[in-house]
Amino acid sequence: MVCILVAFVVALSGAGAAAKAKPPNVVVLFADNLAYDDVGAFRSTGPPPPGPFGFGGRPRSRTPRTDAFARDGLKLLHWNSPAVLCSASRAALLTGKYPVKTGVYPRVFEPDAVHGLMANETTLADHLRAEGYATKIVGKWHLGSRPGYLPTDRGFDEWFGIPYHMSGGSLDGHVCGTQKDPNGTNWLPLFDGREIVEQPVNLRNLAPRYVEAATEFIQRNARADKPFFLYVAFSHVHQLCAPRFAECQWASTHFSRREGGFAADFGDAVEEMDWILGGVLDALRSEGTYDDTLVIFTSDNGPWTAERSCAGSKGPFEGAWLRDHVDEGCTACPSEYVPSPLPGAPRRCVYPGTEFEVDGVHCGEDSGLGSAWEANVRMPAIVRWKNGDAPRGRESSDTVSTLDVLPTVLGVIGRDIPDDVDGVDVSNVFLGRVGSGTDQRRAIFFWRDGFKTGPLPAPFGRFDVVALKLGWIKVWFWTKSSHYNDDEEVYHHPPLLFDVLNDPAEAFPLDPTEHAELIEEAVSLLSEHKSSVNWSRPLTLARDPKYLPCSDVENDCRTSRMSQTWS
């Protein structure tokens with residue numbers, strides 16, 4: 001599934017102490033499965049390693065607009081995603097809570113999900129709308145796809161986009177396999193508000209329509225002098241559905257390699273995402289709000305490593321310890337494929353019931369999306385707020401998390417921060433008021449599923465904390481590769497320790513005897529954290545085909561009519 005987050009908070013207006021402060025605008029852009037190393041400004045130095053695939057040296061993608069943005073802002077080198085999958089990352093962004101508290105676990109919300117983010121959760125959009133903001137989301141939602149769980153039910157006045165990941169449904173010319181679309185009617189929908197206006201969505205011009213929707217919203221509210229919250233959640237760079245692996249990525253016509261709007265390579269998808277980002281920044285400039293805007297850029301999660309050339313680069317975050325400690329016979333396959341080795345083809349993966357086959361990767365290499373290794377939780381992030389005196393052309397290594405967006409925005413606008421959020425107000429980091437790396441004892445916890453046993457149905461097992469960070473020290477209690485590969489989780493007592501500042505590859509464990517006090521502190525923090533969790537039931541497991549988005553049952557769930565409302 002790929003995720004970029006950009007939050008724009010406009011500075012207070014008026015000259016002199018007597019001037020009435022204007023509420024800041026907020027814009028958030030969130031990428032889908034965009035890795036740290038996929039952004040030029042964050043790319044590791046030195047030549048890429050040999051090989052054509054994302055985990056071993058994919059040709060470098062171009063992100064000129066994002067790179068220019070980074071040169072003019074503050075690069076955050078230690079931004080952490082608090083979740084290993086897309087729905088959970090988005091819930092954390094909008095609520096400021098660990099997903100275990102909101103019930104957005106253990107998997108993502110599938111197209112036929114019974115539930116979504118519950119109404120008792122107060123989102124950032126809810127908070128800002130209560131302050132008189134206009135609110136809109138452009139792009140991917142992934143927190144429920146049926147009435148009662150749509151963005152317009154969770155604080156957003158407007159929505160233009162797709163309810164889940166790009167692999168969630170079929171397209172004209174790119175039909176999903178039987179696992180995703182057994183009846184040939186699960187077409188990927190495009191919503192405008194509560195209406196399905198296109199099903200399947202037309203990828204030929206989707207990216208320009210995203211930019212147009214964002215631009216119109218910015219213009220309308222800026223010219224009306226009304227504060228606004230715009231959340232641009234990119235549909236890039238998540239791959240399309242299986243089994244047609246040769247057509248796994250997508251871009252609109254001007255970035256695609258053919259008219260249909262897919263058959264793009266990964267670099268094309270990254271370039272188009274970068275182009276959309278540039279279009280949104282241009283709209284802010286044209287309305288005179290850019291320099292008054294706090295901009296935060298980040299991603300939901302890292303690369304889906306087993307998707308190989310369809311996904312991004314792990315860069316320096318190799319997960320080397322895992323690679324060296326998982327049986328060579330274990331193979332991780334792309335989504336919906338299963339291992340089926342043959343003599344001479346030990347990594348062969350097949351799509352069940354078809355002739356489609358591809359090569360997978362060693363499970364030890366599969367340390368991206370779905371895992372808590374650095375490739376999946378260390379996100380690229382940039383802050384820019386010129387008129388707010390945020391540092392420009394500098395870097396910060398302070399610990400920051402996606403959880404911090406909600407409390408930071410609320411703190412900036414002067415609204416009380418709820419007591420039940422897990423994030424903290426990091427505006428001092430964004431404004432350069434603290435020294436680099438000063439908050440070395442803030443703990444970030446990483447939860448995941450995929451255990452062999454537990455109260456959840458297979459393959460989920462249980463949902464548990466596998467690692468935490470204290471500053472730059474990563475403390476592993478359980479290690480495993482991504483998703484539901486055949487390697488079993490390994491418990492570590494004492495915990496496995498890595499200094500991910502100096503060892504981003506997680507290759508060289510620290511000597512636990514030299515860090516006994518740190519381990520004691522980590523164990524205590526873990527116990528305190530888990531005992532504080534008021535568990536919410538897992539909402540992502542319940543599914544029912546009757547909830548698949550369908551614009552017109554009599555027309556096999558196909559439409560391009562703006563008047564068609566789905567209810």
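This report describes the confidence of the model, one group of paired strands and one pair of helices.

## Confidence of the model

The structure is a predicted model. The mean pLDDT of the protein is 89, and 90% of the residues score at least 70.

Two stretches have pLDDT under 50 throughout: residues 1–20, with 107 contacts beyond four places in sequence, and residues 562–567, with 20 such contacts. Where pLDDT is low, the predicted coordinates should not be read in detail.

## Strand β22 and its partners

Strand β22 spans residues 473–479 and is mostly covered, with seven of its seven residues buried. Strand β21 (residues 464–470) pairs with β22 in the antiparallel sense through four bridges. Within this pairing, Lys469 has Lys474 of β22 as its bridge partner. The two strands, β21 and β22, make a hairpin with two residues between them. In the turn, Gly471 has a positive phi of about 60 degrees.

β22 also runs antiparallel to strand β23 (residues 490–499), to which six bridges join it. Here Thr479 has Val490 of β23 as its bridge partner.

## Helices α5 and α6

Helix α5 comprises residues 206–223 and helix α6 residues 266–286; their axes come within 9 Å and cross at roughly 20 degrees. Because angles under 35 degrees count as roughly parallel, α5 and α6 are therefore roughly parallel to each other. The crossing of α5 past α6 is right-handed.

Residues of α5 that meet α6 include Ala207, Pro208, Tyr210 and Val211, together with Ala214, Thr215 and Ile218. On the α6 side, the residues met are Glu272, Trp275, Ile276, Gly279, Val280, Ala283 and Leu284.

Notes. Residues numbered from 1 in each chain as written. Predicted model: local features only at pLDDT ≥ 70, side-chain atom pairs only at ≥ 80, totals over all residues. Heavy atoms only, no water. Buried < 20%, exposed > 50% of the residue type's maximum accessible area, 1.4 Å probe, protein only. Pairing = 2+ DSSP bridges. pLDDT = per-residue confidence, 0-100. Contact = heavy atoms within 4.5 Å. Axes fitted to C-alpha atoms, helices over the stretch in contact; angles between N-to-C directions. Parallel < 35°, antiparallel > 145°, perpendicular 65-115°, else oblique. Left-handed = near helix turned anticlockwise from the far one by under 90°.
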